[in-house]
Amino acid sequence: MFSGIPLFPQQASTLAADVDALYLFIVAVTAFFGILTTVVVVYFAAKYRTDDPLKVGARIHGSIPLELAWSIIPFLISIVIFVWSANVFFDLVRPPDQTLEIYATGKRWMWKFQHLDGQNEINELHVPAGRAIKVTFTSEDVLHSLFFPAFRTKADAIPGRYSTVWFTPTIIGEHHLFCAEYCGTNHSGMVGKVIVMEPTAYEAWLSGNVTGSTLVARGERLFGDLACNTCHLSDGRGRGPSLANKFGAAERLASGATVPVDEAYVRESILLPQAKLVDGYQPLMPTFQGLVSEENVMALVEYVKSLRAARPEASRAEAPEEHASPTAPQENR
């Protein structure tokens with residue numbers, strides 16, 4: 001009757017076997033000591049049972065070898081679990097350098113995925129087999145959790161923050177995705193599927209499902225529509241710092257601290273520009289919180305990432321003459 005109920009979901013990623021092995025080891029250790037304790041308790045209860053309610057047990061003075069054993073053995077087991085789990089953890093949180101990047105937004109009660117080429121999906125995600133996939137995501141409302149059971153990866157989608165998961169799918173077909181954090185009345189309906197395809201089939205799907213411009217093109221258009229290009233000049237003479245080759249570098253702040261320019265930093269700089277003032281620039285940039293949707297923020301982030309190639313044509317807009325003046329106030333972002 002239980003033949004259709006697997007103990008674990010299908011192992012459909014390169015990381016799944018490592019996660020399962022660690023989990024099974026912890027379960028085995030727990031079961032062994034749980035059963036051992038139960039057997040010893042039952043054995044002693046039967047061996048030393050007595051009908052005399054006034055009988056006093058013999059005095060026990062202790063055993064140094066026994067006390068050392070029950071201290072050292074658990075310590076060694078804990079060290080093994082710690083080292084093993086740390087190794088698996090670092091594999092889970094450190095994606096390879098070359099990944100297929102996808103953005104996602106959680107909202108009650110759906111997942112919206114955005115491919116860099118412009119394709120949008122709701123509660124479905126198409127990916128190629130054998131290629132590392134990195135999903136960067138956040139939440140627009142409450143706490144969600146993006147969970148891919150077959151890939152053994154999960155992370156919370158927290159409003160105001162970016163989270164990432166990565167996996168390399170190995171089995172072609174459909175696999176479940178869930179929200180693993182209770183998020184409201186329709187939480188159980190916040191489900192979807194990942195469709196793993198052959199690389200050639202995936203390329204065909206990409207070319208046949210273009211629903212808009214690429215994220216970089218959309219971000220570049222927003223960069224102009226929001227007048228960001230009037231302050232962030234590529235030559236660094238604007239009221240805001242140049243963004244060319246900025247992503248992936250380190251930014252020095254007015255406080256003297258240094259922060260990496262990553263997706264989270266760029267997002268914060270758009271929505272809360274006064275949170276981290278760049279050294280040498282004034283806090284003149286207005287906040288765009290509530291004015292730019294999470295999808296558009298992701299497009300702007302991807303555009304800033306594209307400037308790592310130092311594309312001068314992306315920032316050709318000439319600023320007013322006072323912006324180029326060396327005495328003009330400079331902007332934080």
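# A guided tour of the chain

Start with the whole protein chain: 39% of its 333 residues are buried, meaning under 20% relative accessible area, with exposed over 50% and partly exposed in between (1.4 Å probe, protein chains only). This is a predicted model, in which local features need pLDDT of at least 70, side-chain atom pairs count only at pLDDT 80 or more, and totals for chains, interfaces and linings use all residues. Residues are numbered from 1 along each chain as its sequence is written, and side-chain values use heavy atoms, with hydrogens and water left out.

Colour by secondary structure. The protein chain holds seven helices and twelve strands. These are DSSP runs numbered from the N terminus: helices are H or I, at least four residues, and strands are E, at least two. Now consider contacts, meaning heavy atoms within 4.5 Å. Of those in the protein chain between residues at least 6 apart in sequence, 69% join residues at least 24 apart.

## Stop 1: H1 and H2

Select helix H1 (16–47) and helix H2 (residues 64–93). Their axes are 10 Å apart and the packing angle is about 160 degrees. Axes here are lines fitted to C-alpha atoms, for helices over the stretch in contact, and angles run from 0 to 180 degrees between N-to-C directions. H1 and H2 are therefore roughly antiparallel. The angle classes are: under 35 degrees roughly parallel, over 145 roughly antiparallel, 65 to 115 roughly perpendicular, and the rest oblique.

The crossing of H1 and H2 is left-handed. That term applies if the near helix is turned anticlockwise from the far one by less than a right angle; clockwise is right-handed.

Show the side chains at the contact. From H1, pick Asp18, Val19, Ala21, Leu22, Phe25, Ile26, Val29 and Phe33. From H2, pick Ile73, Ile77, Val80, Ile81, Trp84, Ser85, Val88 and Leu92. By class, the contact of H1 with H2 has 14 nonpolar residues, one polar and one charged. Ala, Val, Leu, Ile, Met, Phe, Trp, Tyr, Cys and Pro count as nonpolar, Asp, Glu, Lys and Arg as charged, and the others, Gly among them, as polar.

## Stop 2: Leu15

Step back to Leu15, in the segment before H1. Leu15 is buried, at 8% relative accessible area. Which residues does Leu15 contact, leaving aside neighbours within four places in sequence? They are Asp91, Leu92 and Trp166. Draw a C-alpha to C-alpha line from Leu15 to Trp166: the two are 151 residues apart in sequence and 9.7 Å apart in space.

## Stop 3: Lys134

Trp166 also leads to Lys134, which contacts it. Find Lys134 in strand E5 (residues 133–139). Buried or exposed? Lys134 counts as buried, at 14% relative accessibility. Beyond four places in sequence, Lys134 also touches Pro95, Thr99, Leu100, Glu101, Ile102, Thr164, Val165 and Glu263.

## Stop 4: H5 and H6

Glu263 opens the next selection, helix H5 (residues 263–271), with helix H6 (residues 294–306) as its partner. The axes of H5 and H6 come within 10 Å and cross at roughly 120 degrees. That makes H5 oblique to H6. The crossing of H5 and H6 is right-handed.

In H5, show Glu263, Val266, Arg267, Ile270 and Leu271. In H6, show Glu294, Val297, Leu300, Val301, Val304 and Lys305. The contact of H5 with H6 counts seven nonpolar, no polar and four charged residues.

## Stop 5: the cores

A nonpolar core is a set of buried Ala, Val, Leu, Ile, Met, Phe, Trp, Tyr and Cys residues joined through side-chain atoms within 4.5 Å. The largest has 31 residues, and Phe113, Val135 and Phe148 have the most contacts inside it. Strand E10 (residues 191–197) gives the most to this core, with four residues.

Centre on Phe148. Setting aside residues up to four places away in sequence, Phe148 touches Leu125, Thr153, Val165, Phe167, His176, Leu177 and Val194. Another core, of 28 residues, lies apart from the one around Phe148; Leu253, Val259, Met298 and Val301 are among its members.

## Stop 6: backbone details

Go to Trp109, in the loop between strand E1 (100–107) and strand E2 (110–115). The peptide bond from Arg108 to Trp109 is cis, with omega near 0 degrees.

Next, Arg152, in the loop between strand E6 (144–148) and strand E7 (153–157). Arg152 is not a glycine, yet has a positive phi of about 60 degrees. Arg152 is buried, at 11% relative accessible area.

End at Ala227, in the loop between helix H4 (215–225) and strand E11 (250–252). Ala227, also not a glycine, has a positive phi of about 65 degrees. At 36% relative accessibility, Ala227 counts as partly exposed.
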